[in-house]
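Me: Please take a close look at one contact between two chains. Then carry on from there to the related parts.

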Number of protein chains: 6
Amino acid sequence: MIPSALLQQAVDRALGEDLHAGDVTSEALLGEDVQCVARALAKQPLVACGSEVFARVFYTVDPTLRVEEFVADGQQVPPGTALYCVEGSARSVLAGERTALNFVQRLAGIATLTRRFVERLPAETKARIVDTRKTTPGLRAFERYAVRSGGARNHRDSLGAGVLIKDNHIAAVGGLTAAIQRARGVAPHSHRIEVEVESLAAVDEALAAGADIIMLDNFEPAELGLAIEKISGRALVEVSGGVTLDRVESLARAGVDVISVGALTHSAAAADISLDLELLGS
Amino acid sequence: MIPSALLQQAVDRALGEDLHAGDVTSEALLGEDVQCVARALAKQPLVACGSEVFARVFYTVDPTLRVEEFVADGQQVPPGTALYCVEGSARSVLAGERTALNFVQRLAGIATLTRRFVERLPAETKARIVDTRKTTPGLRAFERYAVRSGGARNHRDSLGAGVLIKDNHIAAVGGLTAAIQRARGVAPHSHRIEVEVESLAAVDEALAAGADIIMLDNFEPAELGLAIEKISGRALVEVSGGVTLDRVESLARAGVDVISVGALTHSAAAADISLDLELLGS
Amino acid sequence: MIPSALLQQAVDRALGEDLHAGDVTSEALLGEDVQCVARALAKQPLVACGSEVFARVFYTVDPTLRVEEFVADGQQVPPGTALYCVEGSARSVLAGERTALNFVQRLAGIATLTRRFVERLPAETKARIVDTRKTTPGLRAFERYAVRSGGARNHRDSLGAGVLIKDNHIAAVGGLTAAIQRARGVAPHSHRIEVEVESLAAVDEALAAGADIIMLDNFEPAELGLAIEKISGRALVEVSGGVTLDRVESLARAGVDVISVGALTHSAAAADISLDLELLGS
Amino acid sequence: MIPSALLQQAVDRALGEDLHAGDVTSEALLGEDVQCVARALAKQPLVACGSEVFARVFYTVDPTLRVEEFVADGQQVPPGTALYCVEGSARSVLAGERTALNFVQRLAGIATLTRRFVERLPAETKARIVDTRKTTPGLRAFERYAVRSGGARNHRDSLGAGVLIKDNHIAAVGGLTAAIQRARGVAPHSHRIEVEVESLAAVDEALAAGADIIMLDNFEPAELGLAIEKISGRALVEVSGGVTLDRVESLARAGVDVISVGALTHSAAAADISLDLELLGS
Amino acid sequence: MIPSALLQQAVDRALGEDLHAGDVTSEALLGEDVQCVARALAKQPLVACGSEVFARVFYTVDPTLRVEEFVADGQQVPPGTALYCVEGSARSVLAGERTALNFVQRLAGIATLTRRFVERLPAETKARIVDTRKTTPGLRAFERYAVRSGGARNHRDSLGAGVLIKDNHIAAVGGLTAAIQRARGVAPHSHRIEVEVESLAAVDEALAAGADIIMLDNFEPAELGLAIEKISGRALVEVSGGVTLDRVESLARAGVDVISVGALTHSAAAADISLDLELLGS
Amino acid sequence: MIPSALLQQAVDRALGEDLHAGDVTSEALLGEDVQCVARALAKQPLVACGSEVFARVFYTVDPTLRVEEFVADGQQVPPGTALYCVEGSARSVLAGERTALNFVQRLAGIATLTRRFVERLPAETKARIVDTRKTTPGLRAFERYAVRSGGARNHRDSLGAGVLIKDNHIAAVGGLTAAIQRARGVAPHSHRIEVEVESLAAVDEALAAGADIIMLDNFEPAELGLAIEKISGRALVEVSGGVTLDRVESLARAGVDVISVGALTHSAAAADISLDLELLGS
C-alpha cells in the first residue's frame with residue numbers, strides 16, 4: 001500500500017510527538033515484565049483501514065510485540081468487532097496505544113465516509129467517486145489509500161501528476177483553446193488534459209480543442225444535462241465542489257463520469273475504535 | 001506559537017507531497033512574470049487560525065511573495081471575510097495554494113469547533129474545555145495551538161508530560177493507593193498526579209492517597225454529583241469521553257473543573273476557506 | 001522549477017558530503033576578509049542548466065555572497081561563455097565551488113545531450129523526445145528539469161503518476177484486453193493507459209481495448225511502419241529502448257509520437273564547466 | 001562498504017521518488033499473492049558493483065523478498081551473466097525494479113570505466129589511478145566505493161580530509177613556501193600537505209618547503225619529465241585534469257605516482273543491466 | 001527507556017560522523033571474515049548506563065553482530081567489571097567501537113555523578129535530587145535517562161512541560177500574584193505552578209497566591225530555614241543553582257523537597273570505559 | 001566555521017527538544033509585544049566559543065531578534081565580561097535562552113580546558129595538543145571547532161580521514177611491516193600512515209617500514225626518551241592516553257610532536273555563562 005519509508009517516517013514522527021519524554025506513568029507503575037494482550041475494537045459500524053500502520057507503530061515501539069490482523073482493510077464491520085490484536089509487554093503496548101489509534105481512527109473514518117458516498121452510486125451508472133488534493137498535510141499517501149479502501153478512486157496525486165486548467169490559466173494564456181494546446185505541447189504524454197468550464201459555450205470550445213476531461217463548475221442541473229449531452233462521451237465529465245451524499249445519485253444518473261469529493265479527506269470524523277487491554281501478569 | 005523548525009518541517013513535507021514533480025499546468029500556461037493578488041476568504045462563519053503557517057507556505061515556495069494577515073488567530077469572522085492576502089508571481093501563488101489552504105482549513109476547523117464548545121460553558125462556572133492526545137499524527141503542535149486559538153486549553157502534550165493512572169496501571173501495581181504513591185515517587189515534581197476512577201469508593205481512595213486530579217469515567221449524572229461533592233475542591237475533577245456539545249453545560253454546572261473533548265482534534269470538519277485569485281498581468 | 005525544499009535538501013546533503021569537516025586548506029590560508037569574484041565558464045559548447053541550484057549552494061554556504069546569472073537555463077552557448085558569477089568571501093566561494101560545479105556540470109550535461117537528440121527531430125514531424133525514470137537516485141526532479149531545459153519533455157514522474165502495462169502484467173491478468181480494462185477501472189481518470197506490445201496482433205488487441213498509448217517494443221522498421229499505419233492516430237505511439245542519435249530521424253519520419261531515451265539521464269557526461277576565481281584582496 | 005544509515009537514507013530517498021504514490025499499474029493488475037523470480041542480467045561486459053544496495057532496495061520495499069548475489073563487487077563479467085536474483089511477491093519486485101537498477105547501473109558503470117583506466121597502468125610502474133571530488137551530489141560514498149571496486153583508489157573524501165594548496169591560496173598568503181608552512185601549522189598531523197604547481201621553479205620551491213605531494217598542473221611532457229626528475233621521490237607526484245585513457249600509460253611510464261581522473265565519477269555511462277522477471281503464479 | 005526512533009536517529013547521526021568515509025584502516029587490514037569478541041570494561045568505579053544504545057550502535061553497523069549485556073543500567077560496579085560484550089566481524093566491531101563508547105562513557109559518567117549526589121541525601125529526609133534542562137543539545141532524552149539510572153529524578157522535560165515563573169515574568173505581569181493566577185488560567189491543568197522567589201516576602205505572596213512549588217533562589221541558610229518553616233508543606237520547596245556535593249546534606253536536612261543540579265548533565269566527566277578486543281581468526 | 005546546514009540541523013534539533021510544546025510560562029505571562037535586551041555574561045574566566053551558534057539559535061526562534069557579538073571565539077575573558085547580546089521580543093529571547101546557553105557553555109567549556117593544556121606547552125618545544133574522536137555524539141564538528149578556538153589542533157575527523165594501525169590490525173595482518181605496506185597500498189595518498197607501538201623493537205620496525213607517525217603507547221619516561229631518540233625526526237611522534245595537565249610539559253620537553261587528549265571533549269565541564277535579561281516594556 002504505502003511505501004515502507006513513508007510509513008516508517010510518519011510513524012516515527014507520530015511516536016516522537018507522544019513519547020519524546022517517555023511514558024512517565026507506565027514506567028513508574030508497570031514492571032518491565034508485565035505482559036498483556038490488547039484488542040482494537042470497533043465501537044461503531046465502520047470500514048476498517050490501517051492494519052499495516054497499526055502494526056508498524058507497535059513494532060517500532062518494541063520489535064518483540066506480536067500484532068495480528070483480524071479484519072482486512074476495506075472490510076465493513078459492525079460495532080464490537082475485534083479488528084486487530086497486539087500482545088506482549090504492557091509498557092510497550094501502552095506506549096504505542098494512542099499513536100496507533102490516532103492513525104487507524106483517522107483512516108477508518110475516511111474509509112467509512114468514502115463507502116457511504118460509493119454506496120449512493122446507482123449500480124447501472126458509470127459514475128465513480130474520487131478524492132481531491134484536500135488532504136491532511138503530511139498524510140496524503142495514507143489518506144489516498146483510505147479512499148481506495150473505502151471503494152473510491154484517487155484523483156491526481158500532486159500538481160505534477162495531472163493537468164487541470166482553471167479560469168486563471170485560461171485568462172493568462174488568453175483563451176481556452178490556446179491553453180489546451182499549449183498544455184498538450186508541454187505536459188507528459190501520459191497525462192490527460194482536464195479543463196474546468198463554467199458555461200455551455202466553454203464546453204463547446206473545450207470539446208473542439210480536444211480536452212480529455214471537462215470539469216463542470218457550478219452548473220445548474222438543467223445546464224448540467226445539456227453539457228453532458230453535448231459532450232456525449234467525447235470527453236470524461238467531472239463534477240466537483242460541494243458534493244453532498246444527497247447529490248450523488250442524481251449526478252450519477254445525469255451521466256457524470258467522475259464525482260470528486262473533498263470532504264472524504266478534509267472532513268471525515270474519526271471512527272470510534274478503542275484498545276481493550278488485558279493484563280496477563282509477568 | 002509553533003517552534004519555527006517544526007513549522008518549517010511540516011510545510012516542507014506538505015509542499016513535497018504536492019510539488020515534488022512541479023506544477024505541470026501552471027508551468028505550461030503561466031509566464032514567469034505574471035503577477036497576481038489572492039485573498040483567502042472565509043466561506044462560512046469561522047474562528048481564524050493559521051496565519052503563520054499560511055505565510056510560511058508561500059514564503060517557502062517563493063521568498064519574493066508578500067503575505068498579509070487581516071484577521072488574527074482566534075478571531076471569529078462572518079462568511080465573506082478576507083482572512084489573508086498573498087501577492088506576487090501567479091505561478092508561485094498557485095503552487096502554494098492547495099497546501100496553504102489544507103493547513104488553514106484544518107486549523108480553522110478545529111478552532112471553530114472548539115469555540116462552539118467553549119461558548120457552552122456558563123460564565124459563572126469554573127469549568128474549562130481541554131483537548132486530548134487524539135491528534136492528527138504529525139500535527140500535534142499545530143492542533144494544540146488551534147485549540148488554544150478556539151479558546152480552550154491543552155491537556156498534557158505527551159505521555160511524558162503528565163501522569164495519568166488508569167485501571168491497568170492500578171491492576172498491575174495492586175491498588176490505587178499504591179499506584180499514586182509510586183507515581184509520586186518517580187514522576188517529575190512539576191507534574192500533578194491524575195487518576196481515572198470508576199466508582200465512588202475509588203474516589204474516596206484517590207482522595208485519601210492524595211491524587212491531584214481525579215478523572216471520573218462513565219459516571220451517571222447522580223453519581224457524578226456525589227463524587228464532586230466528596231471531592232469538594234481537594235482535587236481537580238476531570239470528565240472525559242463522549243462529551244457532546246449538549247452535555248457541556250450540565251457538566252459545568254455540576255462543578256466539573258475540566259472537560260476534555262477528543263472530537264476537537266479528531267473529528268473537526270475543515271472550515272470552508274477559498275483562495276480568490278486575481279491576475280494582475282506581467 | 002524545483003520545489004524549494006527539495007532544492008535545499010539536495011544542496012544541504014551535497015555540502016555535507018564535502019564540508020562536514022570544514023575546508024582545512026582555506027581555513028588555514030585565507031583570512032576571513034579576503035574577497036574574490038569567480039566566474040563559471042563553459043569550457044565546451046553546452047546548453048546551460050542549473051543557475052538556481054548554483055546560487056543556492058553559495059547562498060547556503062554564506063548568505064552574504066552575491067550570485068549573478070548571465071545565461072538562462074536552456075540557452076546554448078559557445079566555449080568561453082561566462083555562465084554565472086559569484087562574489088564575496090574567498091573562503092566561502094572555495095567552500096562551495098566543487099559542490100556547485102558538481103550540480104551544474106551534471107545538469108548542463110543532461111541538457112546538452114538532450115538538445116542533440118531534439119535537434120535530430122525533423123521539423124515537419126510530430127515526434128517528441130521524452131526522458132525515462134532511469135534517473136540518478138535522489139536527483140530525479142533535477143534531471144527532469146534538465147531534460148526540459150534541453151528542449152525535450154518528461155515521461156511519468158513515478159510509478160504512481162502513470163499506467164504502463166507490460167508483459168508481466170498482461171500475463172498475470174491473463175490477457176491484454178483484461179489488463180487494460182482493469183487498469184482503467186482503478187487508475188486515476190487523469191492518467192492515460194499505456195501498454196507495451198511486441199507484435200502486430202497485440203497492436204490490434206490494444207486498439208480494440210481502447211489503449212491510449214501503445215509502446216512498440218523491438219519492432220523491426222517494416223513492422224513499425226505497419227503498426228503505426230494500423231494505429232493511425234487512434235492512440236499515441238511510443239518507441240523506447242536503445243534509441244541512439246542516429247535512429248531519431250527515421251523514427252520520427254515513421255510517424256512515431258514519442259521517443260523515450262534513457263540515456264538522457266543515465267549516461268550523459270558532465271559538461272565541462274570551471275570556476276575562474278580572482279582574488280580582490282581584503 | 002557504505003555505512004548502513006547512509007545506505008538506507010539513499011535507498012529511502014530514491015524509493016520515495018518512484019513510489020510516493022504507489023505503483024498504480026501493478027496494484028491494479030497483480031494480485032497480492034503473485035510470486036516471481038527475477039534475475040539482474042549484464043547486457044554488456046562490465047565490472048559488477050552494488051550488490052548491497054540492490055538487496056537493500058528490495059528489502060526496504062518488502063522485507064519478505066529474498067535476494068541472492070551471484071557476482072561479487074569488483075568482478076568482471078561477460079554479457080549475459082546473471083548478477084543478482086530476487087524472489088518473492090511480483091508486486092514488490094516490480095516496485096523496486098527501477099530504483100535498484102538505477103543504483104547498480106550507475107555503480108557498475110563507474111566500476112567498469114575505472115577498470116579500463118586501471119588496466120592501462122603498466123605493471124612495472126608504481127602509478128595508481130585515483131578519483132576526485134567530482135561526484136554526483138548525494139552519492140559520494142557510493143561512487144567512491146565503485147571506484148575501489150573498479151580497482152582504483154580514492155583521493156581525499158572532502159575538503160576537510162586533506163590539504164590541497166592551489167594558486168589562489170598561494171596568492172592570498174603571498175608565496176608557496178609560506179602557504180605550506182602555515183598549512184602544516186594548522187592542519188591535522190595525519191594529513192599530508194599537497195600543493196599544485198605550474199612551473200619547474202615552483203617545483204623547486206615546493207620541495208624546499210617540504211611539500212608531501214606535488215600536483216603538476218598542465219605540464220608539457222618534457223617539462224613533466226624534468227619535474228619528476230627534480231622531485232625524484234622526495235614527494236609524491238600527482239597529475240590531474242583531462243586525463244584520457246590514452247594518456248595513462250605514458251604518464252605512468254614518466255614516473256607519476258598518482259593519476260586523478262574526474263571522469264571516473266562525473267562521466268561514466270550507466271552499465272546496461274536489466275531485470276528479467278518470471279512469474280511463478282500465486 | 002528512550003523512544004526507538006530517537007535512539008536510532010542519534011545512533012545514525014553519530015555513526016555518520018565517524019564512518020561517512022568508511023574505516024580506511026580496517027578495510028585495508030582486516031579480511032571480511034576475521035571474527036572477534038570484544039568486552040566493554042569499566043576502568044573506574046562507575047554506575048553503568050546505556051546498554052541499549054551500545055547494542056543499537058553495533059546492530060546498526062552490522063545486524064549480524066551479537067551483543068550481550070552483563071550489567072544492567074543503574075548498577076554500580078568496581079573497576080575491571082565487564083559491562084557488555086560484542087561478538088562477530090572484527091571490521092564491524094572496530095567500526096562501531098568509538099561511537100558506542102562515546103555514548104556509554106557519557107551516560108555512565110552522568111549516572112555515576114548523579115549517584116554521588118543521591119548518596120549524600122540522608123535517608124530520613126524527603127529531599128530528592130533532580131536534573132535540569134542544562135543538557136547536551138540533541139541528547140536530552142538520553143541524559144535524562146542517565147539521571148534516572150543514577151537514582152535521581154527528572155525536572156520538566158521542556159519549556160512546554162511545566163510552568164516556572166521567574167523574575168522577568170513577574171515584572172512583565174506586574175506582580176507575583178497576578179502571574180500565578182494568569183498562569184493557572186492558561187497552563188494545562190496537569191502542570192503544577194512553580195515560582196522562583198528571592199525574599200521571604202515573596203514566599204508569603206507565593207503561598208497566598210497558591211503556588212504549588214516555590215523555588216528559593218540564593219537564600220542564605222538562615223533565611224532558607226525561615227522560608228521552609230513558613231511554607232511548611234503547603235508547597236513543595238525547590239533549591240537550585242550552584243549546588244555542590246557538600247551542600248546536599250544540609251539542604252536536605254533543612255527540609256528542602258527538591259534539589260536541582262545542572263552539573264549532573266552539563267559537567268559530568270566521561271566514565272572511563274574501554275573495549276577490549278580479542279581476535280578469533282576467520 | 002561549521003557548515004551552515006550542520007549548524008542549522010543541530011539548532012533545530014536542540015530547539016525541538018525544548019520547545020516542541022511551546023513555552024507555557026512565557027506564552028501565559030508575556031505579551032507578544034514586550035521587548036527586552038539580554039546579555040550573555042561570563043561568570044568565570046573562560047575562552048569564548050560559539051558566537052555563531054548563539055546567534056543561530058535566536059534567529060531560528062525569531063528572525064526579528066538582533067544578536068551582537070562582543071567577544072570573538074578564542075578570546076580569553078575575565079568573569080563579568082559581556083560576551084553576546086540579543087535584543088527583541090522577550091518571549092522569543094526566553095524561548096531560546098536555555099538552548100543557546102547549552103551550546104555556548106559546552107563549547108566555551110571545551111575551549112577553556114583546551115587553552116589550559118595549550119598553555120602548558122613550553123614555547124621552545126615543537127609539541128602541539130590535539131583532540132581525539134572521543135566527542136559528544138552529534139556534536140563532533142562543534143567540538144572540534146571549540147578545540148581549535150582553544151588553540152589546539154584537530155586529529156583525524158573520522159575513521160575514513162586517516163590511517164591508524166593498532167595492535168589488532170597488526171595481529172590480523174601478521175606483522176607491523178606488512179600492515180604498513182598494505183595500508184599504504186590502499187589508503188588515499190593524502191593520508192599519512194600512523195602506527196601505534198608498544199615497544200622499542202616495534203619502533204624500529206615501524207621506522208624501517210616507513211611509518212609516517214608513530215604513536216607511543218604507555219611508554220615509561222625513560223623508554224619514551226629512547227624511542228624519540230631512535231625516531232629522531234624520521235616520523236612524527238604522538239603520545240596518547242591519560243594525558244593530564246601535569247604531564248604536558250615533560251612530554252613536550254621529551255621531544256614529542258603530538259599530544260592527543262581525549263578529555264578536551266569528553267570531560268570538559270560547562271563554562272559558567274548566564275543570560276542577564278532586562279525588560280524594556282512594549
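Reply: Start with one pair: A:R140 and B:D18 form a salt bridge, with their closest N and O atoms 2.6 Å apart. A salt bridge here is a side-chain nitrogen of Lys or Arg within 4 Å of a carboxyl oxygen of Asp or Glu. The model is predicted, so local features need pLDDT of at least 70 and side-chain atom pairs count only at pLDDT 80 or more, while totals for chains, interfaces and linings use all residues; side-chain values use heavy atoms, leaving out hydrogens and water. Residues are numbered from 1 along each chain as its sequence is written, and chains are lettered from A and ligands numbered from 1 in the order in which they are written.

Across the interface of chain B and chain A the rule finds four salt bridges. A network of salt bridges links A:D18, B:R133 and B:R140. The interface also has 32 residue pairs in polar contact, both residues at pLDDT 80 or more. A polar contact is a pair of N or O atoms within 3.5 Å; within protein, one must be able to donate a hydrogen and the other to accept it, and residues adjacent in sequence count only if both atoms are side-chain atoms.

Which elements of chain B supply at least two residues each to the side that touches chain A? They are α1 (4-19), α2 (24-29), α4 (90-119), β7 (163-165), α6 (167-173), α7 (176-186), α11 (263-266) and β12 (273-281). α4(B) gives the most, with six residues. Helices (H or I, at least four residues) and strands (E, at least two) are DSSP runs, numbered from the N terminus.

Chain B brings 58 residues to this contact, and chain A brings 58 residues. Contact means heavy atoms within 4.5 Å. The area buried between the two chains is about 4,800 Å², and carbon and sulfur atoms give 58% of it. B:L29, B:P137 and B:L159 supply 15% of the area that chain B buries against chain A, more than any other three residues. Buried area is the accessible area (1.4 Å probe) that two parts lose on being put together, summed over both.

Chains C and D hold a salt bridge of their own. The side chains of C:R140 and D:D18 meet at 2.6 Å, N to O. The pair crosses between chains, from helix α5 (residues 140-150) of chain C to helix α1 (residues 4-19) of chain D. C:R140 is buried, with a relative accessible area of 4%. D:D18 is also buried, at 0%. Buried means under 20% relative accessible area, exposed over 50%, partly exposed in between (1.4 Å probe, protein chains only).

Now turn to the other partner of chain B. 22 residues of chain B are in contact with 22 residues of chain E. These two chains bury about 1,800 Å² between them, 46% of it on carbon and sulfur atoms. B:R153, B:H189 and B:R192 supply 43% of the area that chain B buries against chain E, more than any other three residues. The rule finds two salt bridges across this interface. In one of them, B:R192 pairs with E:D212, the closest N and O atoms being 3.3 Å apart. There are 18 residue pairs in polar contact between chain B and chain E, both residues at pLDDT 80 or more. On chain B, the elements that give two or more residues to this side are β6 (128-130), α7 and β10. α7(B) gives the most, with three residues.

β10(B) also has partners within its own chain. Four of the five residues in this strand (residues 236-240) are buried. Four bridges join strand β9 (residues 213-216) of chain B to β10(B), and the two run parallel. Strands pair if DSSP finds at least two bridges between them. B:L216 stands opposite B:V239. Three bridges join β10(B) to strand β11 (residues 258-260) of chain B, again parallel. There, B:E238 stands opposite B:V258.

Helix α10 (residues 245-253) of chain B completes a right-handed β-α-β unit with β10(B) and β11(B). Right-handed means that, with the strands pointing away from the viewer, the path from the first strand over the helix to the second runs clockwise. Within α10(B), the side chains of B:E249 and B:R253 meet in a salt bridge (3.0 Å, N to O). These two residues lie four residues apart, about one turn of the helix. B:E249 is partly exposed at 39% relative accessibility, and B:R253 is partly exposed at 47%. Over all chains, a search of the whole structure finds 72 salt bridges.
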